[in-house]
Amino acid sequence: MAAEPVMQPPPVPPAKMATALEQTNFITEHKPNPHAQYYMFFYTASWCSPCRAVMPKIIAEYSRMMTNRYMEVIVVSFDDTPEEALAYLSKCQAPFAAVMNNSAEPAKMPGCLTDVCSVPHIVVVSANGDFVYRGHALRFAEWQQRTATFAQQ
């Protein structure tokens with residue numbers, strides 16, 4: 001199954017992503033690296049069993065993603081409250097920054113979609129806001145095949 005087609009937003013200068021991240025109110029103490037080459041938005045929820053199956057895979061890959069600061073993961077939580085989201089991230093020991101889907105924060109970050117209707121879902125954008133990948137997070141292995149290309153850039 002191919003990744004879902006997405007409309008391309010207008011290009012965003014790299015400095016704009018750094019500025020956007022500084023202006024975003026994350027529910028976590030962890031803040032994303034504003035100098036990453038790519039950003040993965042992981043749309044997830046504690047009540048979603050497929051999300052709970054994918055989260056450990058993303059956590060396991062995170063140290064490799066951070067090699068050469070090429071990838072940063074930002075969780076977009078579909079939980080009802082920040083407390084539920086934080087408890088889920090804590091239980092998983094997820095070292096990611098997070099925002100709530102039902103807040104104004106996702107719209108502040110270039111490439112963080114506000115029209116995602118189902119979880120788990122992954123969106124990867126470049127530092128300038130160009131879409132690289134969008135798909136169901138259960139196809140994380142498919143996305144992982146692309147990481148070799150990202151790491152070499």
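Two strands pair if DSSP finds at least two bridges between them. Helices (H or I, at least four residues) and strands (E, at least two) are DSSP runs, numbered from the N terminus.

This is a predicted model: local features need pLDDT of at least 70, side-chain atom pairs count only at pLDDT 80 or more, and totals for chains, interfaces and linings use all residues. Residues are numbered from 1 along each chain as its sequence is written, and side-chain values use heavy atoms, with hydrogens and water left out.

**Exercise 1. Lay out the chain and its sheet.**

Step 1. Take the elements. The chain has 4 helices and 5 strands. Along the sequence they follow the pattern α-β-α-β-α-β-β-β-α.

Step 2. Order the strands. They form an open sheet of 5 strands, β3-β2-β1-β4-β5, with mixed pairing. The edges are β3 and β5, each pairing on one side only. Neighbouring strands are turned by 20° against each other on average, direction ignored. Axes here are lines fitted to C-alpha atoms, for helices over the stretch in contact; angles run from 0 to 180 degrees between N-to-C directions.

Step 3. Read the pairings. β1 and β2 run parallel and are joined by 7 bridges. β2 and β3 are also parallel, over 4 bridges. β4 and β5 run antiparallel, with 5 bridges. There, Val123 has Arg134 in β5 as its bridge partner.

**Exercise 2. Follow β2 to its neighbours.**

Step 1. Check its cover. In β2, 7 of its 7 residues are buried. Buried means under 20% relative accessible area, exposed over 50%, and partly exposed in between (1.4 Å probe, protein chains only).

Step 2. Split its faces. Met71, Val73, Val75 and Ser77 point one way; Glu72, Ile74 and Val76 point the other way.

Step 3. Match partners. Met71 in β2 stands opposite Tyr38. Val76 stands opposite Val99 in β3. Ser77 stands opposite Met100 in β3.

Step 4. Trace the crossover. From β2 the chain passes through α3 to β3, and this β-α-β crossover is right-handed. That label applies if, with the strands pointing away from the viewer, the path from the first strand over the helix to the second runs clockwise.

Step 5. Finish with β3. Ala97 and Val99 point one way, Ala98 and Met100 the other way, and all are buried.

**Exercise 3. Place Thr81. Is it buried, partly exposed or exposed?**

Step 1. Locate it. Thr81 is in the loop between β2 and α3.

Step 2. Classify it. Thr81 counts as partly exposed because its relative accessibility is 27%.

Step 3. Compare sequence with space. Thr81 and Met100 are 19 residues apart in sequence and 7.9 Å apart in space, C-alpha to C-alpha.

**Exercise 4. Pack the helices and describe the core.**

Step 1. Start with α2. This helix lies across β1, β2 and β4, running at about 160° to β1.

Step 2. Add α3. It packs on the sheet, touching β1, β2 and β3, and its direction makes about 150° with that of β3. Contact means heavy atoms within 4.5 Å.

Step 3. Find the core's hubs. The largest nonpolar core has 45 residues, of which Tyr39, Phe41, Phe42, Tyr43 and Ile58 touch the most other members. Such a core is a set of buried Ala, Val, Leu, Ile, Met, Phe, Trp, Tyr and Cys residues joined through side-chain atoms within 4.5 Å.

Step 4. Zoom in on one hub. Tyr43 touches residues including Cys51, Val76, Phe78, Leu113 and Val123, not counting residues up to four places away in sequence.

Step 5. Step back. Buried residues make up 48% of the 153 residues in the chain. Among contacts between residues at least 6 apart in sequence, 68% join residues at least 24 apart.

**Exercise 5. Classify the aromatic pairs. How many are there?**

Step 1. Count. The structure holds 2 aromatic pairs. Rings of Phe, Tyr and Trp (its six-membered ring) pair if their centres lie within 6.5 Å; planes under 30 degrees apart count as stacked, over 60 as edge-to-face and the rest as tilted.

Step 2. Take Tyr43 and Phe78. Their centres are 6.4 Å apart and their planes at 65°, so the pair is edge-to-face. Tyr43 is in strand β1 and Phe78 in the loop between β2 and α3, 35 residues apart. Both are buried.

Step 3. Take Tyr62 and Phe96. Their centres are 4.9 Å apart and their planes at 80°, so this pair is edge-to-face. Tyr62 is in helix α2 and Phe96 in the loop between α3 and β3, 34 residues apart. Tyr62 and Phe96 are buried.
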